[in-house]
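Hello,

Here is the structure you asked about, with my notes after it. Please read them with the model open beside you.

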Amino acid sequence: MAAAKAKTTPARTPLVAGNWKMYKTESDAEEYIQALLPRVAAVSGVDVAICVPFTDLRAMVDSARGSRVEVYAQNMHHEPEGAFTGEVSAPMLSELDVRGVVLGHSERRQLFGESDKALALKVPVALDAGLQPILCVGETEQERDGEDTERKLRQQIKDDLGNVPDERLADVVIAYEPIWAIGTGRVATPEQAQEAIAFIRALVGDRSAEAAQRVRILYGGSVKPENAAELLALPDVDGALVGGASLQADAFAQIVSAATP
Ligand code: PGA
């Protein structure tokens, strides 16, 4: 039964998500979305998301309504409400019609002390709230040089997805983002990206073979229009999480086109 099902599993729809980080005021964001929408209107077979600062969420949800662009947040607290100054919860995002959230980006881990323990709480909360989580994992340069990449990925996948039941694993999007490739212009080679992402898929497979076939795993780290097609064509790469190049509507639209099946 399980084997028959596995054979008929449909292809994974690619996701291209732009991570704006702390860029764009609401008026900048408006200008951007008006430029982006016509550029991606004819695209099909690709999910498109922009992950924007909290202050841009409402405007972007309104402007993108009815289009193929979904609006995601960049972080979220696991509690629905409480005395957590400066934080935003899943119900707050859901009520705005936000569709997903980036969790565990390396900048949050490195600069703001985001822990695997917190992520283990956040990922299932996002799923239960109907938000698409994009869980980011990846090794530092030192870990890669020390041949510690697999250990790091194994640990992050085990800890961060520890509270997600096997039958919901495939509902998480995982982004493999080698930290040495983020914002550096140093993109992983296709071999490095494919190898790490296949490894992550195998880790998911250790828990559920079906989830491993269905789970979408993105590559992130210096994705640009010039290198997107090669990375997106890799067998285990199901899309991209794009930082710097997502800030220009034209460049981002080119990457979306490169992901079109
Ligand atoms: P980059 O960022 O594309 O600018 O390297 C990727 C990310 O941080 O998600």
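I will begin away from the ligand, with Arg-68, which is placed in the loop that runs between α3 (57-64) and β3 (69-73). Please keep in mind throughout that this is a predicted model. Arg-68 has a relative accessibility of 27%, so it counts as partly exposed, given that buried means under 20% and exposed means over 50%. In sequence Arg-68 is 19 residues from Ala-49, and in space the two are 8.4 Å apart, C-alpha to C-alpha.

Two other loop residues are worth a look.

Ser-44 is found in the loop between α2 (26-40) and β2 (47-51). With a relative accessible area of 48%, Ser-44 is partly exposed, because the exposed class starts over 50%. Its partner in space is far along the chain: Ser-44 and Ala-259 are separated by 215 residues in sequence, yet their C-alpha atoms are 9.7 Å apart.

Asp-238 sits in the loop between α11 (225-232) and β8 (239-242). Here the relative accessibility is 5%, so Asp-238 counts as buried, the limit for that class being under 20%. The side chain of Asp-238 also has a polar contact, at 2.9 Å, with the side chain of Arg-12.

Now to the ligand.

There are 13 residues around the ligand, and those that come nearest are Lys-21, His-105, Glu-177, Gly-183 and Ser-222. By type, the shell is made up of four nonpolar, seven polar and two charged residues.

For three of the nearest residues I can give distances to an oxygen atom of the ligand:

- Lys-21: an N or O atom of its side chain is 2.7 Å from a ligand oxygen.
- His-105: a polar atom of its side chain is 2.6 Å from a ligand oxygen.
- Gly-183: a backbone N or O atom is 2.6 Å from a ligand oxygen.

Lys-21 and His-105 thus approach with side-chain atoms, while Gly-183 does so with its backbone.

How much of the ligand does the protein bury? Taken alone, the ligand exposes 280 Å², and 97% of that is buried by the protein. As for where this happens, the space that the ligand takes is the second largest pocket.

If you want a place to start in the viewer, go to the ligand and pick out Lys-21, His-105 and Gly-183, then move to Asp-238 and its contact with Arg-12.

Regards

Terms used. Residues are numbered from 1 along each chain as its sequence is written. This is a predicted model: local features need pLDDT of at least 70, side-chain atom pairs count only at pLDDT 80 or more; totals for chains, interfaces and linings use all residues. Side-chain values use heavy atoms; hydrogens and water are left out. A residue is near a molecule or strand if one of its heavy atoms lies within 4 Å of it. A polar contact is a pair of N or O atoms within 3.5 Å; within protein, one must be able to donate a hydrogen and the other to accept it, and residues adjacent in sequence count only if both atoms are side-chain atoms. Accessible areas come from the Shrake-Rupley method with a 1.4 Å probe; for residues, only the protein chains shown count as cover. On a 1 Å grid over the protein atoms alone, a cavity is a set of points where a 1.4 Å probe fits but cannot get out, and a pocket is an open set with protein on both sides within 12 Å along at least five of seven lines; lining residues have an atom within 4 Å of a point. A molecule sits in a cavity or pocket if more than half of its atoms lie within 2 Å of its grid points. Ala, Val, Leu, Ile, Met, Phe, Trp, Tyr, Cys and Pro count as nonpolar, Asp, Glu, Lys and Arg as charged, and the others, Gly among them, as polar. Helices (H or I, at least four residues) and strands (E, at least two) are DSSP runs, numbered from the N terminus. Buried means under 20% relative accessible area, exposed over 50%, partly exposed in between (1.4 Å probe, protein chains only).
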